[in-house]
Amino acid sequence: MSAETESKTENIEVRQAGQREDADAISVAPNWKLVWWRFRKHRLALVAGVLLFFIILIAGFPGFFSTQDPSQSDTTGSFMPPQGIHIWDDGPAFFAYAANGARNPRTLRMEWQLDESQKVPLRLFGRGYEWKVLGLFTTDIHLIGLVNPDEDKPIHLLGTDRLGRDQWSRLMYGTQVSLSVGLLAVFISTVLGIFLGGISGYFGGLADMVIQRVVELLQSIPPIPIWLALSAALPRTWSVTTSYLAITGILALLTWTTLAREVRGRFLALREEDFVVAAKLAGCRQLRIVFRHMVPTMNSHIIAAVTLAIPVMIINETFLSFLGLGLRPPAISWGVLLQEAQNLQSVALAPWLLLPGVAVIITVLVLNVLGDGLRDAADPYH
Amino acid sequence: MNTNAILSVRNLKTRFTMDEGTTKAVDGVSFDVAPGQVVGIVGESGCGKSVTIKSILRIVQKPGEVVGGEILFRPQRHGENGTDFVDLAKLDGRGKEMRTIRGNDIALIPQEPMAALSPVHTIGNQLVEAVQLHRKINKRQAEEIAIERMKEVGVPSPEERMSAYSWELSGGLRQRVMIAMALLCSPRLLIADEPTTAIDVTTQAQVLNLLRGLQKNHDMAIIFITHDLGVIAQVADDVVVMYLGRVMETGPVDDIFHNPLHPYTKALLGSIPSIHTTSREPLPTIEGSIPHPFNRPAGCPFFPRCAAYMPGKCDRQTPKLERIGEHQSVSCFLHHEVAEEI
Amino acid sequence: MLVYIVKRLLLLPLLLLVFSVIAFILIQAPPGDFVTSYVAELAASGSSMDRLQIDALRELYGLDRPGYVQYFKWLSRILQGDLGISLDFQKPISELIGQRLLLTVILGLSTFLFTFAVALPIGTISATRQYSFFDYFFTVFNYVGVATPTFMTALILMWLAFSKLGITITGLFSPEYADAAWSFGRVVDLGKHVWLPMVILGLDGTARLARILRANLLDELNKPYMEMARAKGMPEWRLIIKYPVRLAINPLVSSLGWYLPLIFSGSLIVATVLNLPTIGPLLLRSLISQDMFLAGSIVLSYFGLAVIGTLLSDVLLAWLDPRIRMEES
């Protein structure tokens with residue numbers, strides 16, 4: 001290159017330098033950073049992420065957020081209405097109104113009234129019943145507690161059910177079960193989906209043929225009757241934990257196909273990409289190509305697909321338990337809680353029994369918004 | 001302004017307003033098209049040539065918008081004297097008046113015929129629809145016109161093609177069908193948006209010959225968009241050279257090719273391989289790359305890449321498009337001192 | 001086109017055969033055989049069955065033989081049109097299912113049509129008026145629609161109707177028509193009752209389809225054929241309906257393959273809450289009482305409906321999309 005053209009090139013580079021600074025940061029950013037930058041722009045998904053954090057916190061420490069032992073029943077306190085929390089009483093305050101009940105002489109049912117003259121003072125981090133933190137050690141500290149636990153009667157933020165159990169506390173524990181069933185079932189189906197989809201997409205040939213036929217078959221079966229039949233076949237004598245695992249397995253059994261298809265499609269596309277061909281030519285072993293070069297490019301897709309699969313699982317568990325074929329009492333899940341709202345009489349008498357459904361709706365909403373945000377961020381051209 | 005022009009674009013400005021910023025895709029473009037004339041618009045991709053013709057057709061979609069200038073067009077139904085211009089820039093892009101001009105007086109030959117045809121409707125369906133939008137005739141008559149036009153543009157056995165789908169035709173045939181569609185209502189002005197980029201070289205030559213022939217037979221004017229100077233040399237009478245939404249130079253094709261004034265035109269012409277070039281010698285290229293539209297340089301848009309850049313002048317003021325000599329106009333401070341008013 | 005449909009039809013028996021195996025496995029899934037559990041149940045309620053009858057039942061179903069023999073006995077009876085007898089109801093299963101199956105199909109198809117009729121305009125307007133108030137409103141609506149389990153919608157509506165209006169909204173017929181024979185009046189009565197379960201059942205699907213359609217349409221709206229249609233001078237609304245909507249419907253139709261079976265089986269939950277005379281609540285009851293041949297027959301009916309749904313969507317797609325028609329034949 002002659003000196004003249006060199007200086008000219010330099011000159012041009014100086015003139016263009018200003019335009020390039022922004023572009024430079026983008027061109028060297030790793031993929032996850034790009035995804036994060038795009039995700040950050042999706043405000044609603046960010047809000048959903050924060051909400052999900054709180055939901056996960058509840059699922060992790062249900063005891064801390066609950067006010068009573070969720071399985072403790074009280075036959076004299078059935079169908080108590082939600083007492084709620086008040087934070088204003090001519091100035092900042094923290095209390096609930098006491099509920100007074102009297103038995104209706106004709107129907108023999110307890111009828112409850114909130115007594116606004118009688119305030120039950122509350123405090124944060126109060127003491128209550130003992131619970132286990134992550135199964136490791138016990139404590140009796142709760143987010144909300146009574147100021148005078150020895151004098152006042154326990155409060156029921158969301159009322160009580162037929163057996164006088166505290167609905168708020170049951171909801172907290174149900175969150176743990178419902179969320180973990182969703183997560184576990186999705187985890188199982190993700191592993192199955194990536195494994196089988198990966199084999200199918202990468203190796204092709206006979207393996208692909210067989211797996212694809214199985215996927216097609218499973219996708220053409222309506223899952224609900226199968227789930228019902230399988231869960232009905234579970235022995236009633238099984239323990240809570242065993243049937244919890246069994247239900248999770250049953251849910252995962254028919255749902256891995258969607259993810260497997262997605263993974264396969266991406267593998268098929270990636271197989272032709274230059275960087276994979278280059279890795280192959282460089283003499284990489286197949287497993288290394290798959291897990292070191294191909295899977296990482298799919299991470300964000302998989303995370304998005306998984307986030308969108310969890311709410312589906314949560315709904316499925318909810319209706320299985322709602323119909324009495326999923327988790328069974330004494331296990332507590334949102335579906336089990338909603339079983340209490342199954343007949344019109346109970347709902348008419350105690351509409352707050354529908355509130356666990358609101359928890360389902362909020363959680364599913366949050367996960368769907370988050371998943372959509374992730375998907376858009378992972379694949380802006382989609 | 002050329003008084004017998006059928007289209008006169010004056011200082012056209014089209015912008016795209018987005019969250020990230022505003023792109024001046026077309027920034028003060030002016031040129032004339034005389035009846036029966038072929039005007040070639042040439043420039044690199046992203047120079048605003050496609051947006052210019054979309055603006056003329058008024059089919060620029062949100063967030064794009066025609067924000068200034070005039071698009072004076074003389075539709076058929078008006079007399080032949082210079083006063084009956086309609087300013088398309090003033091019309092509602094989706095309104096009835098604009099729609100009766102589009103496809104009727106001004107027709108478009110799109111860049112990719114494959115993508116411009118619906119894959120789930122037959123060719124016949126899409127042709128007949130184009131006729132019936134502008135002529136109050138029944139389906140039979142519309143089909144006759146469509147078959148007639150397909151014959152004219154050299155589609156073999158046009159009757160059978162009527163029931164075919166776009167993906168059943170070859171690339172060259174699809175382009176012919178698009179040309180037939182554009183001719184259906186005998187437009188006065190045909191706009192061809194890089195009609196030869198999607199097809200191979202031999203078919204390209206046929207399509208160009210066809211267009212030339214049709215232009216003579218129908219006495220149409222054609223605006224021909226391309227990035228290929230070779231194609232321009234074959235078909236155009238007048239040339240408009242665009243860069244970053246602005247016209248760099250315009251004039252008759254011979255003048256532009258033999259006496260280019262603007263450094264950009266010179267650079268473009270320099271990068272064409274010719275028979276006289278010594279072999280194994282690298283072709284000259286234009287240094288640097290087109291700036292990002294949000295990062296348009298102040299002053300002359302070409303100065304960062306210009307070989308004749310004058311510091312303190314070109315990066316301060318934007319040169320206006322000024323007539324130099326009898327036919328040529330150029331926007332460069334090497335040739336005149338007139339700057340754009342801000 | 002014809003070749004394509006025939007090909008699909010030829011696949012049917014194979015698919016149904018595989019499905020019958022799955023259904024049979026489900027029947028066999030509960031521990032112990034159903035005759036034993038039935039006898040035990042009878043004993044528990046104080047009555048009994050004589051030895052000969054029990055042996056006849058065992059012989060009929062081949063309970064002492066290997067699993068595959070039992071399967072072929074069951075299958076051959078089904079192929080002869082004999083679904084067996086429900087031990088729980090002491091009635092032929094075909095009699096129990098027949099009418100309920102018809103009502104399931106009616107409910108499913110009307111839900112399906114409702115879904116499309118509502119999702120199509122919502123999706124189209126949301127996409128063409130992207131980021132407008134309308135778009136935002138229906139985006140929220142769609143998210144909530146997808147997030148609300150159908151039985152929640154049913155429960156909430158039931159509760160509202162009961163507590164605010166004092167009416168019970170259950171069943172598909174007024175009491176006087178519930179067990180009556182089919183008549184014009186009964187059809188009208190069905191029409192008066194079917195819309196509520198239809199709306200409840202269709203809400204989730206409507207939300208999903210509208211979202212899919214919106215996304216598909218947004219892709220289509222930037223395609224060059226739109227520009228071409230505009231350049232022809234076509235009015236905006238006409239071209240949107242003729243081209244992008246028409247093209248965006250295709251992926252939607254291919255989703256029918258999963259959507260129609262989903263409605264049929266999804267109606268199970270709503271039907272249970274609203275106490276509808278469809279096969280759903282019957283399946284639930286038979287599963288709980290371990291009346292496994294009834295359950296197996298119902299599961300098989302669901303599979304049958306799913307297969308028909310898939311077939312329907314395939315045919316519809318081939319009819320709508322000439323590319324598929326060409327490819328397959």
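**Checking the labels: three chains, A to C**

Me: In this predicted model, a salt bridge ties Asp208(A) to Arg264(A), with the closest N and O atoms 2.7 Å apart. What makes that a salt bridge?

Reply: The term asks for a side-chain nitrogen of Lys or Arg within 4 Å of a carboxyl oxygen of Asp or Glu. Here an Arg and an Asp come to 2.7 Å, so the pair qualifies. By this rule the count is 28 over all chains.

Me: Before we go on, what are the ground rules for numbering and confidence?

Reply: Residues count from 1 along each chain as its sequence is written, while chains are lettered from A and ligands numbered from 1 in the order in which they are written. As the model is predicted, local features need pLDDT of at least 70 and side-chain atom pairs count only at pLDDT 80 or more, with totals for chains, interfaces and linings using all residues, and side-chain values use heavy atoms, leaving out hydrogens and water.

Me: Back to the pair, then. How do you know that Asp208(A) and Arg264(A) link distant parts of the chain?

Reply: They are 56 residues apart, with Asp208(A) in helix H6 (residues 205-220) of chain A and Arg264(A) in helix H9 (residues 256-271) of chain A. Helices here are DSSP runs of H or I with at least four residues, strands are E runs of at least two, and both are numbered from the N terminus.

Me: Is Asp208(A) buried or exposed?

Reply: Buried means under 20% relative accessible area, exposed over 50%, and partly exposed in between (1.4 Å probe, protein chains only). Asp208(A) sits at 13%, so it's buried.

Me: What makes the bridge between Glu227(C) and Lys54(B) one that joins two chains?

Reply: The side chains meet at 3.1 Å, N to O. Glu227(C) belongs to helix H10 (residues 224-231) of chain C and Lys54(B) to helix H1 of chain B, so the pair joins two chains. Glu227(C) is partly exposed at 23%, and Lys54(B) is partly exposed at 24%.

Me: And which helices hold the pair Glu129(B) and Lys242(C)?

Reply: Their closest N and O atoms are 2.6 Å apart. This pair also crosses between chains, from helix H4 (residues 123-132) of chain B to helix H11 (residues 236-254) of chain C. Glu129(B) has a relative accessible area of 5%, so it is buried.

Me: Why are H3(C) and H4(C) called roughly perpendicular?

Reply: Axes are lines fitted to C-alpha atoms, for helices over the stretch in contact, with angles from 0 to 180 degrees between N-to-C directions. The axes of H3 (residues 51-61) and H4 (residues 67-79) of chain C come within 8 Å and cross at roughly 85°. That makes H3(C) roughly perpendicular to H4(C), since 65 to 115 degrees gets that label, under 35 counts as roughly parallel, over 145 as roughly antiparallel and the rest as oblique. Contact (heavy atoms within 4.5 Å) is made by Glu59(C), Leu60(C) and Tyr61(C) of H3(C) with Gln70(C), Lys73(C) and Arg77(C) of H4(C).

Me: What makes the surface patch on chain A nonpolar?

Reply: Patches take residues with over 30% relative accessible area and no salt bridge; nonpolar side chains (Val, Leu, Ile, Met, Phe, Trp, Tyr) are joined within 5 Å, like charges within 9 Å. The members are Leu184(A), Phe187(A), Ile188(A), Val191(A), Leu192(A) and Leu245(A), with about 490 Å² of accessible area together (Shrake-Rupley, 1.4 Å probe; for residues, only the protein chains shown count as cover). Helix H5 (residues 167-203) of chain A gives the most, with five residues. Ile188(A), in that helix, is partly exposed at 31%.

Me: Why do Asp219(B) and Tyr131(C) get flagged for phi?

Reply: Most residues other than glycine have a negative phi, and most peptide bonds are trans. Asp219(B) has a positive phi of about 55°, and Tyr131(C) has one of about 65°. Asp219(B) lies in the loop between helix H8 (201-218) and strand S8 (221-226) of chain B. Tyr131(C) is in the loop between helix H5 (93-128) and helix H6 (133-147) of chain C. Asp219(B) counts as exposed at 56%, and Tyr131(C) is exposed at 56%.

Me: Which peptide bond is cis at Pro330(A)?

Reply: The one from Pro329(A) to Pro330(A), with omega near 10°. Pro330(A) lies in the loop between helix H11 (286-322) and helix H12 (334-339) of chain A.
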